Amino acid sequence: MKTLTNFIGIFIVLLFTGCTGKTTVKNISENLGITKSYGVDLGLSVNWAEYNVGAESPDKIGYRTTLGNVKGTTKAPVTSKIDISGTDADIASVKMGDGWRMPTGPEMKELLEKCTWTPDTLNGTNGFRVTGPNGNSIFLPDTGPNYSFDQLANQDIFYDVPIQDSREGNYWCGTPVTEYYNCNHICFDSKRQKVELMRCEPYFLCAVRAVHD
């Protein structure tokens, strides 16, 4: 029985080696359909998730929350730290796990400067089609204004309003971009075709698009 098992193992390796002349565990796993997907490769330093954190499709907003809040509600942030990407104060890491995290400021800056941003509409939702240097793209939906909710600091609610007519999007960075005056989120206006890194207080509301190394 052991000899038969060894023979079957050798046969499988030869089967997957036949066309390429080499094989790896990763290649065999891919052929068996058991590999995991880690976002869209835009040709940048990290892969970007296809959906916002808390969303079920690319055109949905998902969570709009304060910085450092990992529950997806508008309660005051649970941390005053500015470097939270990949930590227990990172909503992407907590909600998605498996190596996902909020983008750092430099990674968001890279998305801004190395990609082409084109106003687009997906399933009736306005936003931007962001195309990387390699031609792959993601859709970032408008999220509505990043209203200040410091007056709701003691409440714990899920904030959701219709934004069908919105042309504004706001997304958190997990760390600020220091050379950009500590900018901690990206803000865009798909109507005016304007995209920029900006700074706002942690109790404002922004969406999150995760990245993976």
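1. A salt bridge is taken here as a side-chain nitrogen of Lys or Arg within 4 Å of a carboxyl oxygen of Asp or Glu. In this predicted model, Arg101, Glu107 and Asp213 are linked in a network of such bridges. Within that network, the side chains of Glu107 and Arg101 meet with an N to O distance of 2.7 Å. Both Glu107 and Arg101 are buried.

2. The count of salt bridges comes to nine. One of them joins Lys109 to Glu179, at 3.1 Å from N to O. This pair links distant parts of the chain, since Lys109 belongs to helix H4 and Glu179 to the loop between S5 and S6, 70 residues apart. The two partners may be described separately: Lys109 counts as buried, at 17% relative accessibility, whereas Glu179 counts as partly exposed, at 48%.

3. A further salt bridge is formed by Lys60 and Asp59, whose closest N and O atoms are 3.9 Å apart. The cut-off for this interaction is 4 Å, so the pair qualifies. Asp59 has 7% relative accessibility and therefore counts as buried, the limit being under 20%. Lys60 is partly exposed, with a relative accessible area of 45%.

4. Turning to the nonpolar interior, the largest core has 25 residues, and those with the most contacts inside it are Trp48, Leu111 and Trp117. Two or more residues each come from helix H4 (105–114) and from strands S3 (125–131), S4 (137–141), S5 (168–177), S6 (183–189) and S7 (194–198). Apart from this core lies another, of 14 residues, which includes Ala89, Trp100, Val208 and Ala210.

5. Trp117 deserves separate comment. Trp117 counts as buried at 14% relative accessibility. Leaving out residues up to four places away in sequence, Trp117 touches Leu111, Leu112, Phe128, Arg129, Val130, Leu140, Ile186, Phe188 and Val195. Trp117 also belongs to one aromatic cluster together with Phe128, Tyr171 and Phe188.

6. Aromatic pairs number five. Trp117 and Phe188 form a tilted pair, with 6.1 Å centre to centre and 55° between the planes. Trp117 lies in strand S2 (residues 116–122) and Phe188 in strand S6, so the pair ties together parts that are 71 residues apart in sequence. Phe188 has a relative accessibility of 1% and counts as buried. Another pair, Tyr203 and Phe204, is stacked, at 5.7 Å centre to centre and 20° between the planes. Tyr203 counts as partly exposed, at 29% relative accessibility.

7. Contacts between helix H4 and strand S5 can be followed through Pro106 and Thr175. Pro106 lies in helix H4 and counts as partly exposed, at 47% relative accessibility. Beyond its neighbours within four places in sequence, Pro106 is in contact with Thr175, Pro176 and Val177. The C-alpha atoms of Pro106 and Pro176 are separated by 7.9 Å, although these residues are 70 residues apart along the chain.

8. Thr175 has its place in strand S5 and counts as buried, at 12% relative accessibility. With residues up to four places away in sequence set aside, Thr175 touches Ile82, Asp83, Ile84 and Ser85, and also Pro103, Thr104, Gly105, Pro106 and Cys183.

Note on methods:
Residues numbered from 1 in each chain as written. Predicted model: local features only at pLDDT ≥ 70, side-chain atom pairs only at ≥ 80, totals over all residues. Heavy atoms only, no water. Core = buried A, V, L, I, M, F, W, Y, C linked by side-chain atoms within 4.5 Å. Buried < 20%, exposed > 50% of the residue type's maximum accessible area, 1.4 Å probe, protein only. Helix = DSSP H or I, 4+ residues; strand = E, 2+ residues; numbered from the N terminus. Contact = heavy atoms within 4.5 Å. Phe/Tyr/Trp six-rings, centres within 6.5 Å; stacked < 30°, edge-to-face > 60°.
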